[in-house]
Amino acid sequence: MNCILKRQSAVVKQQARGVLAACALAAFFVSGLALQAATPELEYTLPRGGQRGSEVKVTFHGNRLADAKEVLFHQEGMSFKDIKNVDDKKVEATIVIAPDCRLGEHHLRLRTVGGTTYARTFWVSQFPNVAEVEPNDDFEAPQEIALNSTVEGQAKPEEVDFYKVTAKKGQRISVEMEALRINTRRNAVAVDPYVAILDKERFELAVSDDSALLKQDSVTSIIAPEDGEYIIEVRDSAYQGNGYYRAHIGTYPRPLAVYPAGGKVGTEVEFTFLGDQKGAYKQKAKLPAEPTDEFEVFGENEGLIPPSGNKVRVSSYDNVLEAEPNNSTKEATAGASLPLAFNGVLQEAGDTDYFKFSAKKGQRFRFSAYANRIGSPVDTVIYVYDANGKSIGSSDDADGSSDSRYDFSVPADGEYFVRIRDMLDRGGENFVYRIEAQPFEPTINLTMPEMIRRDSQYWKQFDIPQGNHYAMVVNVSRQNFSGDVVFDMPKLPAGVTWEAGTVPKNISQFPILLKAAPDAPIEGGMYPLLAKPTDPEQKVVGRFQQELDLVRGNPNGALYYASYHDEVPVAVTEAVPFTISIDKPKVPLVRNGTMKLKVRAQRKEGFDKKITVRMLWRPPGISCPATMTFSETANEVEYELNANANAELATWKITMLAQSDAGKGPIVVAAPFTELTVEEPFVGMKMNLATVQQGQPVEMLCDLDQLRDFEGEAEVQIFGLPAKATAPVQKIKKDTTQVRFPVTTAEDTPVGQHKNLFCTVVINQNGEPISHRVGMGGVIRVDPKPKEPAKPKPDDGKKEVAKNEPAKKPLSRLEQLRQEAKQQAEAK
């Protein structure tokens, strides 16, 4: 028997820490500049896997791979030796695979002096590798191989590969593909495999394209009907393949499902393996001590095991196994009080299963289906009924999966029923399912946000240059409790420390900063990132989990295949030719205020590249530019922050990421934490409506609300005035209640209502400004200037004007408008 006990990280060191550090420091300076081997990229390995109990010479292909120091393994069972740097794009090493190494998918990375690569897959088989030998695209001239071999081949456009095996009557001939899952071309599905087993007359005995067990990868099996030769056809399903594959061809068992589909932590469970060509068989397995969705059981039969295990769910709930018949409430399989895990098989088309359980009023449970995610074809639908068979609720798909989820609030003490069926009423031997009734318990989940779309590993490697910093934002998801939490990184490379503040209960994203000492050894590995509540009464620990988006393709980079890992890659890299820092503000940032942070670059002599900085995380209610850039010679930029009216009042730790290129690729570092305090404003304001005619002055009156005392005088400036209207800066003190702005307008200042005026109030403290935006929404109305009266006609001497005739009274603005309207009407 062979099964996964727990996926744990294992990093095998090639050299002692002191030797690595000495080599790195000795090579650091050349002509005054650091030789920065920037962020490395690993694209794929060849071969793509190997036989356990063997040593495999592997070539790593990528970019910026010079000065590779070690291979980091996410799981136990492999180590490396004889690493050799061929060139900047290629590294060779021997991977040593232990005899008891778990079969199937493993993850590895390369670590260079410049950092750690993305995770890529490496696959372990029980059979020896056999390389494809071209030409093998003719059915009449196939490549002959021995049964129980793993073929390392390449699918090409419009090409079919044929392999010939010899089998005896009654032997299994099983084929399992690793194709779509092993190619990591960016945003491209390299191979979507199709497999057929044919006899020598070219009659198809079995075919497979997609499978419930392996999704787009194929799996099929037959019992040889007679002694003789059989042909295995391998190709891309659309004849458009352009990538590598591994085909396991042999006499091994290939169960398609396992029942029950899970068990309780720490227990030994007898599993029945279903769907194998020679029939069902049983085997016991000891389950791990921690809940997981990723446990695999390998059912041994006739001395062999499948190339990959069958996934089962491990949880803390007791199993309830269905007892047929259970197709109605009267026949329901009896359970007990929740929480429980209900297990069954929809054995034929139209099958439906009922389970009975008891619960108490006020309890809440989540019914979660485990089927699609563990390789079962069941598209579950869950129904919950009361003791009389009255429907309470149901659920089909959830969370982007065909697995159902239903949240149940118990309305009264008593007995209830849960029913399960397939959405299309399908059934079969391998239609297994598991429905867990999970109580709503406190949990904390840690992830990291995507820094760029459709790339979940971008900037998720903590590569910290000697004497420098690196930072990342962590998503903190709390379920069923609300409270402050703190991070913990209990293990880190020598010379590395971490720092983070307390994550407030209403915050779901928060930064964490790592620092490498100047003399930290150049080394790295995989390390845990944890979180726990500050309240000691809350007994919950959250663990980081990173999605590894291994295969994306059309449309638009859709995710086809992903794995997950619960540790963070952390490495100390060689020093880089710059650092950045943020000057600590001496004054607070106030609500509805602005602040210009001074960000400084400390360059080593001769380093004259641009440096782009971005604020990695912003406190709630704070906005800022996406990025700012230091020119080639600049050492300082001002990064403007804006606080809205609801910015959260607190003192926050902030940092920035800086990216540059010393000639070999991107370098990313972080600034040390700087404290930013957000406070209430000192002054509020109401701007009163002002009305003025073009070319005339007006006094704009603003009422002040002194919220907090301040020392000295503050400058108040009005913004948003229309074109060619001005107002001088005014000064106020802490006891000023009104400010009057003498506004002047020009004869051609635009007419109309001008809204969105506001003022800035700048208070100086400790030699730095505290800038407020106040009085938002002020209005000034500009009316047109009066029209000049018509000039009198020249005197022709026929009419004598009285010398003492009184002057006409000027028309009011209302009379002017009426007169203009009358004239316009007469003109029509």
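## Legends for a predicted model

**View 1. Contacts across the protein chain.** In this predicted model, contacts between residues at least 6 apart in sequence were considered: 68% of them join residues at least 24 apart. The secondary structure comprises 71 strands and two helices.

**View 2. Overall dimensions of the protein chain.** The radius of gyration is 37 Å, against a value near 28 Å for a compact globule of 828 residues. Along the principal axes, the C-alpha atoms occupy a box of roughly 140 × 80 × 65 Å.

**View 3. Burial and surface.** The protein chain has 828 residues, and 52% of these count as buried. Its exposed area is about 37600 Å². Carbon and sulfur atoms account for 47% of that area.

**View 4. Charges of the protein chain.** There are 99 positive and 113 negative charges. The mean positions of the two sets lie 7 Å apart.

**View 5. Cysteine 101.** This residue is buried, at 1% relative accessibility. The cut-off for buried is under 20% relative accessible area, so cysteine 101 qualifies.

**View 6. Cysteine 759 and cysteine 702.** The count of disulfides is zero. Cysteine 759 is in no disulfide. Its nearest cysteine sulfur belongs to cysteine 702, 4.7 Å away. A disulfide needs cysteine sulfur atoms within 2.5 Å, so this pair does not count as one. Cysteine 759 is also buried, with a relative accessible area of 0%.

How values were computed. Residues are numbered from 1 along each chain as its sequence is written. This is a predicted model: local features need pLDDT of at least 70, side-chain atom pairs count only at pLDDT 80 or more; totals for chains, interfaces and linings use all residues. Side-chain values use heavy atoms; hydrogens and water are left out. Helices (H or I, at least four residues) and strands (E, at least two) are DSSP runs, numbered from the N terminus. The radius of gyration is taken over C-alpha atoms; the globule rule is 2.2 Å times the number of residues to the power 0.38. Buried means under 20% relative accessible area, exposed over 50%, partly exposed in between (1.4 Å probe, protein chains only). Contact means heavy atoms within 4.5 Å. Accessible areas come from the Shrake-Rupley method with a 1.4 Å probe; for residues, only the protein chains shown count as cover. Lys and Arg count as positive and Asp and Glu as negative; His and the chain ends are not counted. The place of a charge is taken as NZ of Lys, CZ of Arg, CG of Asp or CD of Glu.
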